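Biologist: I should like to understand how the terms in a structural description are justified. Shall we examine the values one by one and set each against its definition?

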Amino acid sequence: MRAEDAPLIRLEDYRPSDWLIDTVDLDIVLDPTRTRVRSQLQLRPNPAGHAGAPLVLDGDELTPDSILLDDVPLDPSAYSLSAQGLTIHAPPARAFSLRIETTLDPGANTKLMGLYRSSGVYCTQCEADGFRRITYFLDRPDVMSVYTVRLEAEKTQAPVLLSNGNLVAAAELPGGERHFAVWHDPHPKPAYLFALVGGKLDHVRQDYMTADGRKVELAVYVEPGKAGRAGWALDSLVRCMRWDERVFGRNYDLDVFNVVAVSDFNMGAMENKGLNIFNDKYVLADPLTASDGDYASIEAIIAHEYFHNWTGNRITCRDWFQLCLKEGLTVFRDQEFSSDERSRPVKRIADVRTLRSTQFSEDAGPLAHPVRPRAYKEINNFYTPTVYEKGAEVIRMLKVLIGEDAFTRGMDLYFERCDGTAATIEEFLDCFVEASGQDLAHFARWYEQAGTPTVVASGKYDAQARSYKLQLAQSTPATPGQSHKQPVVIPVALGLVGKGGDLPLTSISPALKAGGVVVLDQPSLSLTFTDVPEAPTPSLLRGFSAPVRLELDLGDSDLLTLFTADSDSFNRWQALQTVAMRTLVRAGKGDMSTLDATASALGKALSGFLADPALDPAFAAQVLRLPAPADIAREIGIDVDPDVVHGAHRRLSAAIGGALAGQLADLRVSLTDRGPYSPAASPAGRRALRNEALGLIALGEPASGARLGLAQFAEADNLTDRLAALAAMTLIPGAEREDLIARFGELYAREPLVLDKWLMAQALIAEDGTLTRVKGLMNHPAFSLGNPNRVRGLIGGFAANLTQFNRADGEGYGFIADIVIALDRTNPQVASRLLGSFKSWRMLEAGRRAKAEAALRMVQTTPNLSRDVADIATRSLA
């Protein structure tokens, strides 16, 4: 089947499987080129399926060596094979066993889906459709089975043998050269959660006692010699397990919990039951090879995959259309964990930055889709910011809408009612309807409707009546396949801010709920607040209570009032961002007339802010960072010239950096830590502010920035400060920069994960020579198109470079298109994600737009494209 002929899978066509698989016994003999897989399946007809239906098992690049039904070889006339699987035409209308033997070549599996061997380690990745590359199976999430797995290998080749569940047997085989291990998982699970690992691995371990008194052995497995870098991951695991017990009442349910770090992995990590497999960048950490951001990411992703034990494993999704039910919900849970572990306001700002930069741009382009898609050709292309980040925002809105107590009751009911099942969004929401007594049918539109709503707000104060009238209106732009949009439920958390802070909220409007939340569920809404003693400034969407764009009729002076007086930290940050964004959007369109005045106003506001003795460094670091050029381009929305946008951003940043250079330099001195490195929130916050200050100085006063950057690199005792020095120097062309780049590369020549950051730092340089630099770096000994991390670092970094990917001559588009085509032959998943960098091509000015389209069409017309890449190319051009 050609990629373009792949069937369109539709939500409305879902029907239960005709067959169920109660138990799965796997006997896997590992070998680098000839791994034998023997599967024994106990099947029975599904009462909810079609009686007498054939048994259609999924398969991908498989050939059966033998097929036995109830221990009798199956006659070839009784079945047929295709590229998509195995069909048994007339299986018994009763329970029966099916034994299938296949032979795999793990070493040749460059797709890194199914069972593969890389860097000497056997590993699996089965979500979404990887298990069918191991054996023939009903590879769908609503078929849940109990697995017993026997693994066998040469002891010297794979001394560690791991799978899901609990270890029930292990021994040497006669002769002593080979050994086996048997693992049993008592909890039924879908095939996508199956995992095995075999190889030479070190580990760190710790015993853990659950809240209900069960002893669990925790272990983190890493490449030999790297156990010293696994401690933070293990510590994060202990903390998130305790947090889930305390906050959600969820205890772990097996005797062991294993985490394995591998260097070649398409995803960040995978939540396989009891055996989480991680990209090693999200496990390995020490001060000289991991940044503060790495430590925070490890903490969050360890938590995310562990939290899946309940929201994803114990309760899985009925079909892949319900993917957000496990991913969006679990992102919400890991965000809450990180907020409690660190700074809630800073975490919220960081999450909203990510949402806007990744998901808002997705919503605004040809790849827009609902949180729950209605159709797909390739499910791997729907592991998107919309499913993850927007899916989490929908959960957060639900909590705001019904209140914390009702939300807790709803979650408890969901865990109780749906445990052990493959659930749907409707079943999830029904639990909150019952817990809150509220009708959530209108709220459910968030799952069905694509696009980012815009809320337009305006207000008027009547001094004589001491009243304030607030008007809100919502609209959502058309997206592919959805030209007409209905109003959604938008909880607007708000306050009224006066000269001395928050004013009381008094209104008879039924739209105003407890806690200062206004529910906007119609096209427009007007409400009046009474007993307002002075003209207020409205503070809307506090805590970013809904994933929407906000347009409000406040001038810069009103916004700066919010920056100084608002009690809501998020809206303090947002006020300054809005002032900057307005000017940068105008400047990005070519109107620079207000840029200098805005720089002066922002400089003055920031100077006072930074002088506050109660300053929170982590929050201040967020405040100092202006909207990113890509966010400015998204706000402009049409006929974008990336060079003009970048120039405006650079000019405003330089003006602020120059105005505050002396104060920023003094601040850096006061924030210097004298003790040993710690990844804890407080010292990480101080480093964040010092390094934001360094970047601004580098733009405002390049000579001073270079001096400070070189000194910081020389004196640093941690990777965070070295990377910040490198980033600052990339802003300052010249021999000193090139020398530092070379020194950094030599220093970390044997640290691939650090070299990824080094590669990316160079790929992000916004200068004409960057494409030539990137092509040269592809010949660096550390780079390989076969390693997803290297590709994401260098090639993904270049694709995120607003000016150089979007070069006026189109060379950036052609380069990425060529890489996508080359990668598609070996790793379609990585290739399709890279092709997603074209998602905003329609907003560009006409010349660039035409060149981007030509590059996309070149990809689309390439013969023998994978389904992954063909799907992205076709949707991007639709």
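Modeller: Let us start with Asp70, which lies in the loop between strand S5 (64–69) and strand S6 (72–73); strands are DSSP runs of E with at least two residues, helices are DSSP runs of H or I with at least four, and both are numbered from the N terminus. This is a predicted model, in which local features need pLDDT of at least 70 and side-chain atom pairs count only at pLDDT 80 or more, while totals for chains, interfaces and linings use all residues. Residues are numbered from 1 along each chain as its sequence is written, and side-chain values use heavy atoms, with hydrogens and water left out.

Biologist: Why is Asp70 called partly exposed?

Modeller: Buried means under 20% relative accessible area, exposed means over 50%, and partly exposed is in between (1.4 Å probe, protein chains only). Asp70 has a relative accessible area of 28%, so Asp70 is partly exposed. The phi of Asp70 is near 50°, a positive value in a residue other than glycine.

Biologist: What is phi of Asp639, and why is Asp639 called partly exposed?

Modeller: Phi of Asp639 is near 55°, again a positive value in a residue other than glycine. Asp639 has a relative accessible area of 48% and is therefore partly exposed. Asp639 lies in the loop between H13 and H14.

Biologist: What makes the contact of Asp253 and Lys273 a salt bridge?

Modeller: A salt bridge is a side-chain nitrogen of Lys or Arg within 4 Å of a carboxyl oxygen of Asp or Glu. For the side chains of Asp253 and Lys273, the distance from N to O is 2.8 Å, and the definition is therefore met. Side chains of opposite charge can pair when their charged atoms come close. Asp253 and Lys273 are both buried.

Biologist: Which residues form the pair with a distance of 2.9 Å, and why does that pair tie together separate parts of the sequence?

Modeller: They are Glu692 and Arg625, whose side chains meet in a salt bridge. Glu692 lies in helix H15 (residues 681–700) and Arg625 in the loop between H12 and helix H13 (629–636), so the pair joins parts that are 67 residues apart in sequence. Glu692 counts as buried because its relative accessibility is 18%, whereas Arg625, at 34%, is partly exposed.

Biologist: How do you know whether Arg848 and Asp641 are buried or partly exposed?

Modeller: Arg848 has 3% relative accessibility and therefore counts as buried; Asp641 has 25% and therefore counts as partly exposed. Arg848 forms a salt bridge with Asp641, the closest N and O atoms being 3.5 Å apart.

Biologist: How many salt bridges are found in the whole structure?

Modeller: A search finds 75. Glu12, Arg372, Arg374, Glu426 and Glu448 are linked in a network of them.

Biologist: How do you know that the span of helix H11 agrees with what is expected?

Modeller: The expected span is 1.5 Å times one less than the number of residues. The 16 residues of H11 (residues 595–610) should therefore span 22 Å, and the end C-alpha atoms are 22 Å apart, which agrees. Among the buried residues of H11 are Leu602, Leu606 and Phe609.

Biologist: What makes a set of residues a nonpolar core?

Modeller: The set must consist of buried Ala, Val, Leu, Ile, Met, Phe, Trp, Tyr and Cys residues joined through side-chain atoms within 4.5 Å. The largest such core has 286 residues, and Ile795 is one of those with the most contacts inside it. H10 gives the most to this core, with ten residues.
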